[in-house]
Amino acid sequence: MSLERTELVAGRSLRVVRGACPHDCPDTCALETLVDEQGRAVRVRGSADHPITRGWLCAKVNRYLDRTYHADRLLYPLRRVGAKGSGQFTRISWDEAIAEITQRWQEIIARHGAQCILPYSYAGTLGLVQGAVTDNRFWHRMGACRLERAICGHAAEEAVQLVLGGRMAPSPEMLLQSKFILIWGSNPASTAPHIMPFLREAQRQGARVVVIDPIRTLTARSADLHIQPLPGTDAALALSMMYVMVHEQLHKPEWIAQHVLGWEAMLERIMHYPPEYAARITGLAPETIIDLARQYATTTPALLRVTDGINRHTNGGQTVRTLACLPALTGQYGIAGGGLMYSTSDWVRWDRAARDHEHEAVCPPAPRTINMNRLGAALTGEANPPIYSLYVYNANPVASAPNASKIVEGLQRDDLFTVVHELFETDTARYADIILPATSQLEQIDVHKPYGHLSLQYNARAIAPLGEARSNWDVMRGLAKGMGYQEIWLQDDAELVIREVLTASSASNPLLANVTLEQLQAEGTVPLQIPLDERIPFAHGRYNTPSGKIEFFSEQAAAKGYDPLPAWEPEVETRVERDGRTATSLAAAHEPLPLLCPAAHHFVSSSFGNLDVMKAKEQAPTLRIHPLDAEVRGIRSGQLVRVSNERGWCHLVANVSEEVRPGVLATTTVWWPRFSPDQRNINWTTSDRLADFNGGSTFYTNLVVVESAEVAG
Ligand SMILES: Nc1nc2c(c(=O)[nH]1)N[C@H]1C(S)=C(S)[C@@H](COP(=O)(O)OP(=O)(O)OC[C@H]3O[C@@H](n4cnc5c(=O)[nH]c(N)nc54)[C@H](O)[C@@H]3O)O[C@H]1N2
Ligand SMILES: Nc1nc2c(c(=O)[nH]1)N[C@H]1C(S)=C(S)[C@@H](COP(=O)(O)OP(=O)(O)OC[C@H]3O[C@@H](n4cnc5c(=O)[nH]c(N)nc54)[C@H](O)[C@@H]3O)O[C@H]1N2
Ligand code: SF4
Ligand SMILES: [Mo]
């Protein structure tokens with residue numbers, strides 16, 4: 001089959017196997033793995049012929065073989081022999097593991113019901129089979145507790161849905177058509193690196209790039225202008241930009257009249273945000289706001305890039321909703337190089353019935369749902385009846401979920417039966433009763449639908465599973481057998497599953513027309529079938545909202561109890577008063593400051609956090625603090641500091657730096673607790689409070705006190 005080529009390297013004939021990067025990253029790179037005669041992968045590289053990957057990989061996945069062949073890979077099922085969390089395990093067979101797990105589950109189901117079994121998973125792999133299918137079929141058949149997968153972009157997704165009716169970002173190539181690129185609370189140089197060459201090229205062609213971020217990120221450093229507002233104030237900034245546009249008549253009333261619902265009501269709201277007022281809230285100069293509004297409104301096409309970073313605040317939903325309205329004021333939607341670049345997820349959706357089989361008569365009705373942001377709370381009393389078994393895969397909640405001390409407390413419960421399916425003995429796996437070894441992406445089959453561009457990517461198996469590692473779906477198949485579930489859709493292998501979902505999905509979506517498993521296997525990369533004139537989102541002027549228009553005013557929002565209009569609300573934890581009074585005053589040493597904990601350049605959440613080479617590049621779990629704030633607290637670079645609040649504390653290494661604006665702190669996400677001072681990371685301080693929209697996470701609404709650890713002891 002042409003899905004495997006060979007290549008002669010130093011006299012050796014190596015197989016070239018096509019794959020997909022499985023990580024939570026909008027780039028979904030096309031991989032090529034070179035495999036030697038012994039079946040060992042010797043190199044992983046980016047495909048040269050992929051329109052976005054273009055022959056290179058990021059700093060993390062370039063070292064994917066270090067991850068795959070890491071000495072710490074879990075190779076066999078393990079059973080706990082010491083106390084929970086002690087890390088003492090003994091090897092068992094797969095048969096023993098499956099028998100023990102299914103027996104415990106049968107007992108729990110008989111005594112308490114399947115709603116007391118909670119599967120917890122997120123972004124280990126974004127593949128169709130090893131992600132979505134695994135997340136649904138088996139658990140629906142069991143009638144297990146549902147998981148609200150709200151840890152990442154839930155609030156933003158709902159915001160974009162309310163305004164535009166779907167996530168229809170343009171593909172990165174469209175950046176080349178832009179003349180003004182506004183990157184707002186997004187750091188693609190680290191989190192979506194393959195858009196950077198397009199951004200550079202656009203800049204060379206004369207486009208202006210402006211970054212709005214409280215931190216001087218890698219992306220901000222190469223921008224033409226960097227604006228640093230206080231966190232959580234962006235909706236006020238956007239409303240004020242609209243104020244300037246309206247006052248200076250830079251907006252397009254005819255376009256708005258034709259395409260927007262609720263302009264009159266919105267206008268009234270906008271009038272509350274003159275630049276002088278927004279300046280006090282955002283901590284910016286009024287002139288900065290006026291200039292930005294003028295530039296944005298008078299350069300066309302103007303593209304606004306917003307990603308999930310900015311939505312992780314208690315007001316994150318309304319913030320993203322307000323930002324999504326901005327392009328409409330000057331008619332940027334529907335033109336090449338203009339509009340909103342959030343996510344491409346809704347160009348194509350997998351057929352849900354084929355993917356999940358939730359509709360099957362054998363599946364019990366949906367029981368309760370638990371929001372993953374509340375994991376710790378759920379394990380320590382919030383769930384009633386209690387959770388008696390937790391099955392973790394594709395996730396590392398002790399490192400990556402908020403309010404981690406609660407999670408650890410829950411995981412120590414004697415009456416909780418915890419199974420963790422993992423490649424490594426993570427801080428979460430340490431608390432397992434049974435650990436199951438997982439395959440890496442090179443050892444499994446899958447297909448990937450990206451959220452940052454418009455090509456499907458097949459992932460062929462490049463090497464045999466290491467040790468006794470099994471893929472997520474293969475474990476589900478084994479557990480289904482162990483539970484006595486007979487359904488064929490719980491036994492199909494990965495290829496059959498892909499074929500079934502593709503067939504059903506292409507029947508209802510012309511963009512997938514004629515895409516077959518064979519084509520994916522032969523070509524690796526298969527672009528969605530989008531005619532040229534349909535590549536510009538919303539060029540037809542139709543929006544998938546109830547009114548068919550861009551909705552500034554939203555009945556749907558009102559029905560959910562939200563403000564029917566976009567708005568700025570202060571965060572729940574903040575130094576910013578509604579009238580902006582105290583926003584920019586220097587905080588006294590004992591006063592708390594807002595702490596941001598965005599993505600690290602060399603980790604993906606906690607993934608890669610156990611590779612020495614990545615740890616070395618990230619250096620240490622640092623706290624960036626502005627010289628003015630450091631001085632008040634007597635803190636110098638390199639010393640250990642303690643950050644704390646009512647939820648918890650952790651130690652970080654101070655980095656006194658002008659990369660953060662005064663009054664704002666920053667660390668990076670996330671160090672493994674076990675590689676951190678005191679075995680705890682920043683999530684010992686982050687909040688499990690839910691965002692304003694859709695149960696979203698609020699990692700970045702986090703006030704902490706900072707003190708020298710030498711004083712605090
Ligand atoms: N290298 C790397 N790549 C990743 C990841 C990773 O961990 N590492 N994670 C992946 C995942 S899971 C996701 S969801 C995406 C996230 O991709 P991004 O959204 O780009 O990532 P973040 O770093 O979370 O946030 C982006 C920026 O938002 C800024 N920000 C936070 N709050 C505010 C605010 O209130 N106002 C403004 N203006 N800016 C704010 C932060 O300072 C940060 O620089 O990246 C993916 N890619
Ligand atoms: N402080 C702070 N915390 C954050 C964030 C933040 O900005 N700040 N960002 C949040 C965001 S945006 C996200 S998306 C979440 C992500 O949270 P998680 O989804 O928990 O991500 P990771 O911590 O990377 O854990 C993924 C785990 O899956 C495992 N894995 C990989 N492939 C497979 C596989 O095929 N099978 C199995 N069984 N396991 C596999 C990996 O080894 C890894 O340990 O983190 C959140 N946490
Ligand atoms: S993490 Fe992102 S940039 Fe890196 S290889 Fe994967 S898809 Fe590409
Ligand atoms: Mo995420």
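A residue is near a molecule or strand if one of its heavy atoms lies within 4 Å of that molecule or strand. The structure is a predicted model, in which local features need pLDDT of at least 70 and side-chain atom pairs count only at pLDDT 80 or more, while totals for chains, interfaces and linings use all residues. Residues are numbered from 1 along each chain as its sequence is written, chains are lettered from A and ligands numbered from 1 in the order in which they are written, and side-chain values use heavy atoms, with hydrogens and water left out.

**Exercise 1. The surroundings of ligand 1**

Identify the residues that come nearest to ligand 1, and then describe its polar contacts with Asp-234, Arg-312 and Ala-599.

Solution. Step one: there are 32 residues around ligand 1, and of these Thr-191, Asp-213, Asp-234, Thr-307 and Phe-603 come nearest. Step two: apply the term polar contact, which is a pair of N or O atoms within 3.5 Å; within protein, one must be able to donate a hydrogen and the other to accept it, and residues adjacent in sequence count only if both atoms are side-chain atoms. Step three: a nitrogen atom of ligand 1 lies 2.7 Å from an N or O atom in the side chain of Asp-234, an oxygen atom of ligand 1 lies 2.8 Å from an N or O atom in the side chain of Arg-312, and a polar backbone atom of Ala-599 is 2.9 Å from an oxygen atom of ligand 1.

**Exercise 2. The surroundings of ligand 2**

Repeat the analysis for ligand 2, stating for each polar contact whether the protein atom belongs to a side chain or to the backbone.

Solution. Step one: of the 33 residues around ligand 2, those that come nearest are Ser-400, Glu-422, Ser-606, Ser-607 and Tyr-700. Step two: Glu-422 offers a side-chain N or O atom at 2.4 Å from an oxygen atom of ligand 2, and Arg-67 offers a side-chain N or O atom at 3.1 Å from an oxygen atom of the ligand. Step three: in Val-604 the atom concerned is a backbone N or O atom, 3.2 Å from an oxygen atom of ligand 2.

**Exercise 3. Helix α19**

Compare the expected span of helix α19 with the distance between its end C-alpha atoms, and then work out where its buried residues sit around the axis.

Solution. Step one: helices (H or I, at least four residues) and strands (E, at least two) are DSSP runs, numbered from the N terminus, and the expected span of a helix is 1.5 Å times one less than its number of residues. Step two: α19 has 15 residues (494–508) and should therefore span 21 Å, which agrees with the 22 Å between its end C-alpha atoms. Step three: call a residue buried under 20% relative accessible area, exposed over 50% and partly exposed in between (1.4 Å probe, protein chains only); the buried residues of α19 are then Ala-494, Val-497, Ile-498, Val-501, Leu-502, Ser-505 and Ser-506. These residues cover an arc of only 145 degrees around the axis, which puts them on the same side of α19, where the arc is that of the directions from the helix axis to the C-beta atoms. Step four: the face turned away from this buried side carries the exposed residues Thr-503 and Ala-507. Step five: with contact meaning heavy atoms within 4.5 Å, the buried residues pack against elements including α3 (128–142), α18 (472–483) and α20 (517–523).

**Exercise 4. Salt bridges**

Describe the salt bridges Arg-12 to Asp-36 and Asp-135 to Arg-149, and state which parts of the chain each one links.

Solution. Step one: a salt bridge is a side-chain nitrogen of Lys or Arg within 4 Å of a carboxyl oxygen of Asp or Glu, and by this rule the count comes to 40. Step two: the side chains of Arg-12 and Asp-36 meet at 3.2 Å, N to O. Arg-12 lies in strand β2 (residues 12–20) and Asp-36 in the loop between β3 (30–35) and β4 (41–46), so the pair ties together parts that are 24 residues apart in sequence. Arg-12 is partly exposed, at 35% relative accessible area, whereas Asp-36 is buried, at 9%. Step three: in the salt bridge between Asp-135 and Arg-149, the closest N and O atoms are 3.4 Å apart. This pair links distant parts of the chain, with Asp-135 in helix α3 and Arg-149 in the loop between β8 (146–148) and α4 (154–164), 14 residues apart. Asp-135 is buried, with a relative accessible area of 13%, and Arg-149 is partly exposed, with 24%.
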